[in-house]
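Reader: I am new to this structure. Could you show it to me and take my questions on the terms used for it?

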Amino acid sequence: MIYVDSHVHLDDAVYEKDREEVLYRAQENDVRIIAAVCCIAKIGDADITLSLMEKEGIYGIFGVHPHDARYYNDELRDYVMEIMQHPKAIAIGEIGLDYHYNYSTKEEQLFTFEHQIEIAQKINKPIVVHSREARQDTLELLSRLYDGESNKVNGIMHCYSGDVDMAMQCIRLGFLISFSGVITFENAVRIRDVVKKVPMEYILSETDSPYLAPVPHRGKRNEPAYVVKVTNKISEIKNLSIKEVTESIVLNIKKVIGK
Ligand SMILES: [Zn+2]
Ligand SMILES: [Zn+2]
């Protein structure tokens, strides 16, 4: 069985001392496909992720996070485009809108999101979307820029926290829905209902490490090995075997990697 962590911040400073051990534990737990998300706010930010991508099974996702939208400029755009030429750079992300924190203004976030979508379309790569408390603007932008006509995968809605209706709209536009450890939280009844209703062929698993550790590690530092807990929860909610769930998630992530 192969487990997939479709979203992890391996370059985070909390892994500075034991990054190799973290990756070793992932291997030991059969987490063999890892997408390392690198949030770029300045030139050079991709260095750690690029070196990790030399390892088998580790892919890279690069982009300017909505929190950092205020730093977005031509120089950063060129830097992202240059890194995206790497054969294991699979998507532009995480990009999107975060109206919970508003570290950058709405205008900066909308501009940076749309601009990076245009780049992704130009180089024919999927995107990884971070959308928090920004349902309407996210859907408006995605449905304006993606037609959903073709059967291809246009991207991933990461750490999905929206409702069933939004998930279905995103699927129609060619997006996969990725669930994190939040689905294991006791009070996460609403999001478990979304897991139940989204067809397995559109589901991905992620940790979003070092954040959002699943039960029983909740509140502690998260790591890719714990994606097993997320995957087990998906199989429990959907009443499918772990084998069926892991096989489908591998197929789904391959659609992103293969693009
Ligand atoms: Zn995010
Ligand atoms: Zn993230």
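Author: What follows is a set of short questions and answers on a predicted model.

Reader: What makes His7, His9, Glu94 and Asp208 donors of the zinc ion (ligand 2)?

Author: Distance. A donor is an N, O or S atom within 2.8 Å of this metal. The atoms here are His7 (NE2), His9 (NE2), Glu94 (OE) and Asp208 (OD), lying 2.0 to 2.6 Å from the zinc ion (ligand 2). Therefore they count as donors.

Reader: Why is the arrangement around the zinc ion (ligand 2) called irregular?

Author: Look at the angles. The 4 donor atoms subtend 89 to 177°. A tetrahedral label needs all angles between 85 and 135 degrees. The upper value, 177°, falls outside that range, and the arrangement is classed as irregular.

Reader: How are these donors spaced along the chain?

Author: The pattern is H-x1-H-x84-E-x113-D. His9 sits in the loop between β1 (3-8) and α1 (19-28), and Glu94 in strand β4, so this pair ties together parts that are 85 residues apart in sequence.

Reader: Why are His9 and Glu94 called buried?

Author: Buried means under 20% relative accessible area. His9 has 8%. Glu94 has 2%. Both values fall under the cut-off, so both residues count as buried.

Reader: Which residues are the protein donors of the zinc ion (ligand 1)?

Author: They are Glu94 (OE), His130 (ND1) and His158 (NE2), at 1.9 to 2.1 Å. Their spacing is E-x35-H-x27-H. His158 lies in the loop between β6 (155-157) and α6 (164-172), while Glu94 is in strand β4, so the pair ties together parts that are 64 residues apart in sequence.

Reader: What does Glu94 bridge?

Author: Glu94 bridges the zinc ion (ligand 1) and the zinc ion (ligand 2). The two ions lie 3.4 Å apart.

Reader: How do you know that Lys88 has no salt bridge?

Author: A salt bridge needs a side-chain nitrogen of Lys or Arg within 4 Å of a carboxyl oxygen of Asp or Glu. For Lys88, the nearest side chain of opposite charge is Glu56, 8.2 Å away. That is beyond the cut-off, so no salt bridge is counted. Lys88 is buried all the same.

Reader: What does the side chain of Lys88 reach?

Author: The backbone oxygen of Ile58, at 3.0 Å. A polar contact is allowed up to 3.5 Å, so this distance fits. Lys88 itself lies in the loop between α3 (74-83) and β4 (89-98).

Reader: Is Ser180 buried or exposed?

Author: Buried. Its relative accessible area is 2%, against a cut-off of 20%. Ser180 is found in the loop between β7 (175-179) and α7 (189-197).

How values were computed
Residues are numbered from 1 along each chain as its sequence is written. Chains are lettered from A and ligands numbered from 1 in the order in which they are written. This is a predicted model: local features need pLDDT of at least 70, side-chain atom pairs count only at pLDDT 80 or more; totals for chains, interfaces and linings use all residues. Side-chain values use heavy atoms; hydrogens and water are left out. Helices (H or I, at least four residues) and strands (E, at least two) are DSSP runs, numbered from the N terminus. Buried means under 20% relative accessible area, exposed over 50%, partly exposed in between (1.4 Å probe, protein chains only). Lys and Arg count as positive and Asp and Glu as negative; His and the chain ends are not counted. A polar contact is a pair of N or O atoms within 3.5 Å; within protein, one must be able to donate a hydrogen and the other to accept it, and residues adjacent in sequence count only if both atoms are side-chain atoms. Donors are N, O and S atoms within 2.8 Å of the metal (3.2 Å for Na, K and Ca); water is not among the atoms, so sites may look incomplete. Four donors count as tetrahedral if all angles lie between 85 and 135 degrees; four count as square planar and six as octahedral if opposite donors are over 155 degrees apart and all others between 65 and 115; anything else is irregular.
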